[in-house]
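This report covers strand pairing, charged side chains and one annotated span. The sequence and the model are shown first.

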Amino acid sequence: MTDRVTKSDAEWRAELDPETYRVTRQAGTERPFSHPGFPAVPGYYECVCCGARLFDGDAKFESHCGWPSFSKPGGAIDEHRDASHGMIRTEVRCHRCDAHLGHVFPDGPPPTGLRYCINGVALRFVPD
C-alpha cells in the first residue's frame with residue numbers, strides 16, 4: 001500500500017470526527033489517558049485516515065505515558081523535525097496520507113531504545 005492519499009481539507013473534515021481531524025490533520029494531541037485503549041490480542045495498527053499499516057501489535061508496550069507506545073514502526077512511517085512549542089522533537093506521520101500520529105523519543109525499551117508515542121485516535125486496531 002504505497003499509493004499516496006491526497007484529499008482536500010473539506011474532504012478530511014467530512015470523513016473524520018472533530019477530535020480525529022484536529023489530531024491527524026492539524027498536528028494536535030489528544031489528552032493523556034483519554035483513549036480507551038486497544039484489545040490485548042494479536043494484530044496490527046493502521047492509520048485511521050487511510051488504512052496504511054503502521055505498527056505491529058508485538059511492538060506495543062505499556063509506557064505509562066498516557067498514549068499508546070510502540071518500540072518500532074511496522075510500516076508506513078515518516079519522521080520530521082518538529083520545533084513547535086519551544087522544544088525540538090521528532091514528529092511521526094503516516095507516509096501514505098501525511099496524518100500526524102505523534103512523536104518518537106529515545107527512552108524506549110531494548111533493543112531499539114525508541115518510544116513511538118502515538119495518539120490513539122490516529123490508530124485503528126486490526127486483529128489477526
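Two strands are taken to pair if DSSP finds at least two bridges between them. The model is predicted.

**Strand β1 and its partners**

β1 (residues 43-47) and β9 (residues 123-127) pair in the antiparallel sense over five bridges. Within this pairing, G43 has P127 of β9 as its bridge partner. β1 is also joined to β2 (residues 53-56) by three bridges, and these two strands run antiparallel; here Y44 stands opposite D56. Five residues lie between the strands in the hairpin of β1 and β2, where G51 has a positive phi near 85 degrees. Five of the five residues of β1 are buried, so the strand is largely enclosed by the rest of the structure.

**Salt bridges**

The structure holds nine salt bridges. Three of them are tabulated with the closest N to O distance.

| Residue | Partner | N to O distance |
|---|---|---|
| K7 | E15 | 2.7 Å |
| R124 | E46 | 2.8 Å |
| R53 | D56 | 2.9 Å |

R124 forms its salt bridge with E46. R124 lies in β9 and E46 in β1, so the pair ties together parts that are 78 residues apart in sequence. E46 is buried, at 12% relative accessible area, whereas R124 is partly exposed at 36%. In the pair of K7 and E15, K7 is partly exposed at 28% and E15 is partly exposed at 47%. D56 and R53 are partly exposed as well, with relative accessibilities of 24% and 39%. In addition, E91, R93 and D98 are linked in a network of salt bridges.

**R96**

R96 sits in the loop between β6 (89-94) and β7 (100-105). What is the nearest side chain of opposite charge to R96, and how many Å away is it? It is that of D3, 5.5 Å away; R96 is buried yet has no salt bridge. The cut-off for a salt bridge is 4 Å between a side-chain nitrogen and a carboxyl oxygen. A polar atom of the R96 side chain does, however, lie 2.8 Å from the backbone oxygen of D3.

**Helix α2**

In α2 (residues 18-26), the buried residues are T20, Y21, V23 and T24. Their cover includes α1 (9-15) and β7. At the start of α2, a side-chain oxygen of D17 comes to within 3.1 Å of the backbone nitrogen of E19. A27 follows α2 and has a positive phi near 60 degrees.

**Annotated span**

UniProt, in an unreviewed entry, lists residues 9-128 as "domain: MsrB". This span is 13% helix and 33% strand, and its end C-alpha atoms lie 33 Å apart.

Definitions and conventions
Residues numbered from 1 in each chain as written. Predicted model: local features only at pLDDT ≥ 70, side-chain atom pairs only at ≥ 80, totals over all residues. Heavy atoms only, no water. Helix = DSSP H or I, 4+ residues; strand = E, 2+ residues; numbered from the N terminus. Buried < 20%, exposed > 50% of the residue type's maximum accessible area, 1.4 Å probe, protein only. Lys, Arg positive; Asp, Glu negative; His and termini not counted. Polar contact = N/O pair within 3.5 Å; in protein donor to acceptor, adjacent residues only side chain to side chain. Contact = heavy atoms within 4.5 Å. UniProt positions renumbered as here; feature names shortened; annotations may be inferred.
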